[in-house]
Amino acid sequence: MPEREHWTSRIGFILAAVGSAVGLGNIWSFPFQTASNGGAAFVLVYLVAVVLIGFPTMLVEFVIGRRSESNPVDAFEKLGFGNWSFAGAFGVVVSFVTLSFYSIVGGWVLSYILGSVTGSYFGDAAGYFGSIASGTPAIIGHAIFMGLTVGIVAFGVTDGIERATKVMVPGILILLVGLGVWAATLSGAAAGYDYYLTPDFAVLFSNLDSIIPYAVGQAFFTLSLGFSVMIAYSSYLDRDDSLPADSGAIVGVNTLIALLAGFVVFPILSTIGVSPESGGAGTAFTSLAGAFGQLTGGAILGFVFFSILLFAGLSSSISLLEVPVSYVSETYDYGRTRVALGLGTAIFLFGLPATTGLATFGWYNDVVFNLLIPVAVLLFVLFVGWVAADQFTEEISLGTSLGDSFTITWLWWVRLVIPLAVGFTLVLGIQSLLLKAGIIDAAILLG
Ligand code: PHE
């Protein structure tokens, strides 16, 4: 076995983890979810979920990874609990399934970059979306996006992932700030900010029962938790790093970028008079793209905006592929390049059914969100909190001066609060899946 790689620097690790966290979720869905859930009031709930649930859960994955210095499946064995390997394996499955449809969205982004050059979505963005979202164009985009992901991961942790994210993450930040400054000059800027920043507590309170579990789920997704990604990434980490400090930096930058995306999206939409709530999650590809068609310099804007999305998507997809690649390449003697290519192909094929139409695509998304992520998180927190807590309370205190009271608070939080929050989210998630499948009807819903 070749020696295991290590991040070349602390900032390299943080940028890679930020790259994973900052994804299509931040730029594509966050602003629109905010719009339909009470604006700034929703941002508050989201921040609370990210800080109280996301941050401590990130530490859960970090302690497993750094303590074991192993891929997510072998980690449990390494720590002396081989009978828990299934939990790591479950995380690998979540990554596999997620990448299979995340890559399709990556393909849509590629189609829009092309469309910004040729102008093909300017007249009728909704029509364009309909023509590329499924069928052959979607398959081609999916294949190219997977190819790019495989290409980066094949180079390895430091030469591939670390190097790519060192370029992409600052790129995202700079371009997004640039677009934000430009958006501030638009005629609808003030109205857009107003919309974004005025809390509507009435909408928030009347939908609190659906918003809270949604915010918890979004906190996991946006921070890449429940995929074993953060286990894999932290396994390449040295012992002298402060895990809480790293985690705080990652959560902070991720949140900043999500908030920034709102400062780009809302002024644009209000300038052309489109309600941000109207189009749901597809809005970036329909109304926002439509707006680019109507504004001066729209072609350039569209090109830049979708390039940001491409960077965000790729720096996330490589982390998803790294999870199974680290496991397979450390278990069998095939070499990273072949493993990356083989797994990339398998994931591509697994995603193909989701290119047949948006309804099937939606099923992939919903199963991951409502079922797979919460189950994986629950397994990780129960393991760290109740099964092997001693090792982890020691691990978390290495490299930090935060002291025992932090460790104890974290431990009890992981033991009690997070399982309760995730359990609640899971019940509602399963319910919504059963409802969607027509197995139960709305009359017997709880909560
Ligand atoms: N955090 C990413 C996003 O917000 C999604 C993701 C999850 C990426 C897990 C990689 C791993 O889009």
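Buried here means under 20% relative accessible area, exposed means over 50%, and partly exposed covers what falls in between. With that scale in hand, this briefing on a predicted model goes through its aromatic pairs, an enclosed helix, its salt bridges, a nonpolar surface patch and a few individual residues. The structure holds 42 aromatic pairs and 11 salt bridges, and a selection from each group is described below.

**Aromatic pairing**

- Among the 42 aromatic pairs of the structure, the one formed by F129 and F285 has ring centres 5.6 Å apart and ring planes at 10°, so the pair is stacked.
- This pair links distant parts of the chain, since F129 belongs to helix α6 (residues 125–132) while F285 sits in the loop between α13 (243–271) and α14 (287–294), with 156 residues separating them.
- Both partners of the stacked pair, F129 and F285, are buried.

**The enclosed helix α14**

- Of the 8 residues of α14, 6 are buried, so this helix is largely enclosed by the rest of the structure.
- The buried residues of α14 are S287, L288, A289, G290, A291 and F292, and what covers them includes α5 (85–118), α6, α13 and α15.

**Salt bridges**

- Side chains of opposite charge can pair when their charged atoms come close.
- One of the 11 salt bridges of the structure joins the side chains of R66 and E395, with an N to O distance of 2.7 Å.
- The bridge between R66 and E395 links distant parts of the chain, with R66 in helix α3 and E395 in helix α18 (residues 389–397), 329 residues apart.
- R66 has a relative accessibility of 0% and therefore counts as buried, and E395, at 0% relative accessibility, counts as buried too.
- R66 and E395 also belong to a network of salt bridges that links R66, R67, R239, E394 and E395.
- K436 forms a salt bridge with D366, in which the closest N and O atoms are 2.6 Å apart.
- Because K436 lies in helix α19 and D366 in helix α17, this second pair ties together parts that are 70 residues apart in sequence, and K436 itself counts as partly exposed at 38% relative accessibility.
- Within a single helix, K166 forms a salt bridge with E162, the closest N and O atoms being 3.6 Å apart; K166 and E162 both lie in helix α8 (residues 157–184), at a spacing of 4 residues, or about one turn of the helix.
- The two partners in α8 fall into separate accessibility classes, because K166 has a relative accessible area of 37% and is partly exposed, whereas E162 has a relative accessibility of 1% and counts as buried.

**Nonpolar surface patch**

- L382, W386, V387, I408, W412, L416 and V417 form a nonpolar patch on the surface, and together these residues have about 590 Å² of accessible area.
- Helices α17 (358–387) and α19 (404–436) each supply at least two residues of this patch, with the largest share, 4 residues, coming from α19.
- V387, one of the patch residues, is placed in helix α17 and is partly exposed, having a relative accessible area of 31%.

**The surroundings of S315**

- S315 is found in helix α15 (residues 298–331), and with a relative accessibility of 0% this serine counts as buried.
- A polar atom of the side chain of S315 lies 2.9 Å from the backbone oxygen of G19.
- When neighbours within four places in sequence are left aside, S315 is in contact with G19, S20, V22, T165, M168 and I172.

**Positive phi outside glycine**

- E69, which is found in the loop between α3 (40–68) and α4 (74–78), has a phi near 45°, a positive value in a residue other than glycine.
- The relative accessible area of E69 is 34%, so this residue is partly exposed.
- S224, which is found in the loop between α11 (208–222) and α12 (229–234), likewise has a positive phi, near 60°, in a residue other than glycine.
- The relative accessibility of S224 is 7%, so this serine counts as buried.

Conventions
Residues are numbered from 1 along each chain as its sequence is written. This is a predicted model: local features need pLDDT of at least 70, side-chain atom pairs count only at pLDDT 80 or more; totals for chains, interfaces and linings use all residues. Side-chain values use heavy atoms; hydrogens and water are left out. Patches are made of residues with over 30% relative accessible area and no salt bridge: like charges are joined within 9 Å, nonpolar side chains (Val, Leu, Ile, Met, Phe, Trp, Tyr) within 5 Å. Accessible areas come from the Shrake-Rupley method with a 1.4 Å probe; for residues, only the protein chains shown count as cover. A salt bridge is a side-chain nitrogen of Lys or Arg within 4 Å of a carboxyl oxygen of Asp or Glu. Buried means under 20% relative accessible area, exposed over 50%, partly exposed in between (1.4 Å probe, protein chains only). A polar contact is a pair of N or O atoms within 3.5 Å; within protein, one must be able to donate a hydrogen and the other to accept it, and residues adjacent in sequence count only if both atoms are side-chain atoms. Contact means heavy atoms within 4.5 Å. Rings of Phe, Tyr and Trp (its six-membered ring) pair if their centres lie within 6.5 Å; planes under 30 degrees apart count as stacked, over 60 as edge-to-face and the rest as tilted.
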